Amino acid sequence: MIRTHLFALIFLGIISLNVAPPFQNSPMDHAECIFEEGRRAGNGPRNLTIDCTNPQGRKYSCTYRGNPHNCQWYNNNNQARYYIGLADAAARDQPTACSRRSLMHRRQCRHIVFNKIQ
Ligand SMILES: *[C@@H]1O[C@H](CO)[C@@H](O)[C@H](O)[C@H]1NC(C)=O
């Protein structure tokens, strides 16, 4: 718990999303998951890749893709918080962190949808 919060604090303090923070909530399979942003320069679409290991040691991953740049809140220095929100949507009350076909932040940028591509 302390580790998670420390990681989140460090994470929120920087814009670079090339780090892979742990999920704040676990999916129902109790997997441990991390997420990372896949990006190219510019305002194009972004990938959100989720990597998990379940308690039996089985690994799984998935990738969602969407373009968040048409959202003022995201652009206003909230990129890290936005992806934390997507990761939360992926895990919360879901059988696995890859069960959803699409992801949306629950409170911000609700017109932006990340669809599963892998
Ligand atoms: C997003 O994922 C797709 C499918 O794996 C890949 O072809 C593409 O290069 C990725 N894009 C970025 C920006 O990481």
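## Overall architecture

Of the 118 residues of the chain, 26% count as buried. The model is a predicted one. Its secondary structure amounts to 3 helices and 5 strands, and from the N terminus the elements follow the order α-β-β-β-α-α-β-β. Among contacts between residues at least 6 apart in sequence, 46% join residues at least 24 apart.

## The sheet

The 5 strands form an open sheet in the order β1-β2-β3-β5-β4, with antiparallel pairing. The edges are taken by β1 (32–38) and β4 (102–103); each has a single partner strand, so one side of each is left without a neighbour in the sheet.

Strands β1 and β2 are paired in the antiparallel sense over 7 bridges, and E37 stands opposite L48 of β2. Between β2 and β3, which also run antiparallel, there are 8 bridges. Two of the residue pairs that connect β2 with β3 involve T53, opposite K59, and D51, opposite S61. These two strands form a hairpin with 5 residues between them, and G57 in the turn has a positive phi of about 90 degrees.

Strand β3 (residues 59–66) is joined to β5 (residues 114–116) by 2 bridges, again in the antiparallel sense. Here Y64 has K116 as its bridge partner in β5, while R65 has N115.

## The faces of strand β2

In a regular strand the side chains alternate between the two faces of the sheet. Strand β2 has a covered face consisting of R46, L48, I50 and C52, and an uncovered face consisting of N47, T49, D51 and T53. Thus L48, the residue opposite E37, lies on the covered face, whereas D51 and T53, which stand opposite S61 and K59 in β3, lie on the uncovered face.

## Helix α3 and its packing

The sheet is joined by 2 bridges between β3 and β5. Helix α3 (residues 79–91) packs on this sheet and touches β1, β2 (46–53), β4 and β5; its direction makes about 135 degrees with that of β1. The length of the helix can be checked against expectation: at 1.5 Å a residue, the 13 residues of α3 should span 18 Å, and the end C-alpha atoms are 19 Å apart, which agrees.

The buried residues of α3 are Q79, Y82, Y83, G85, L86, A87, A89, A90 and A91. They pack against β1, β2, α2 (72–75), β4 and β5. An α-helix has 3.6 residues a turn, so residues three or four places apart point the same way. Among the buried residues of the helix are Q79, Y82 and L86. Just after α3, D93 takes a positive phi of about 60 degrees.

## Loop residues

Two loop residues other than glycine have positive phi values. H30 has a phi of about 60 degrees and lies in the loop between α1 (2–12) and β1. With 10 C-beta neighbours inside 10 Å, H30 counts as exposed, because the limit for that class is 12 or fewer. C109 has a phi near 55 degrees and is placed in the loop between β4 and β5. With 21 C-beta neighbours inside 10 Å, C109 counts as buried, because that class begins at 20.

In the loop between β3 and α2 stands N67, which counts as partly exposed with 14 C-beta neighbours inside 10 Å. Residues up to four places away in sequence aside, N67 touches G44, P45 and R46; R46 also belongs to the covered face of β2. N67 and N43 are 24 residues apart in sequence and 7.8 Å apart in space, C-alpha to C-alpha.

## The ligand surroundings

The residues around the ligand are G38, R39, R40, N47, T63, R65, I117 and Q118. By class, this shell has 1 nonpolar, 4 polar and 3 charged residues.

Some members of the shell also appear in the description of the sheet. N47 is on the uncovered face of β2, and R65 is the bridge partner of N115 in β5.

Conventions
Residues numbered from 1 in each chain as written. Predicted model: local features only at pLDDT ≥ 70, side-chain atom pairs only at ≥ 80, totals over all residues. Near = placed C-beta within 6 Å. Nonpolar A, V, L, I, M, F, W, Y, C, P; charged D, E, K, R; others polar. Pairing = 2+ DSSP bridges. Helix = DSSP H or I, 4+ residues; strand = E, 2+ residues; numbered from the N terminus. Contact = placed C-beta atoms within 7 Å. Axes fitted to C-alpha atoms, helices over the stretch in contact; angles between N-to-C directions. Expected span 1.5 Å × (residues − 1).
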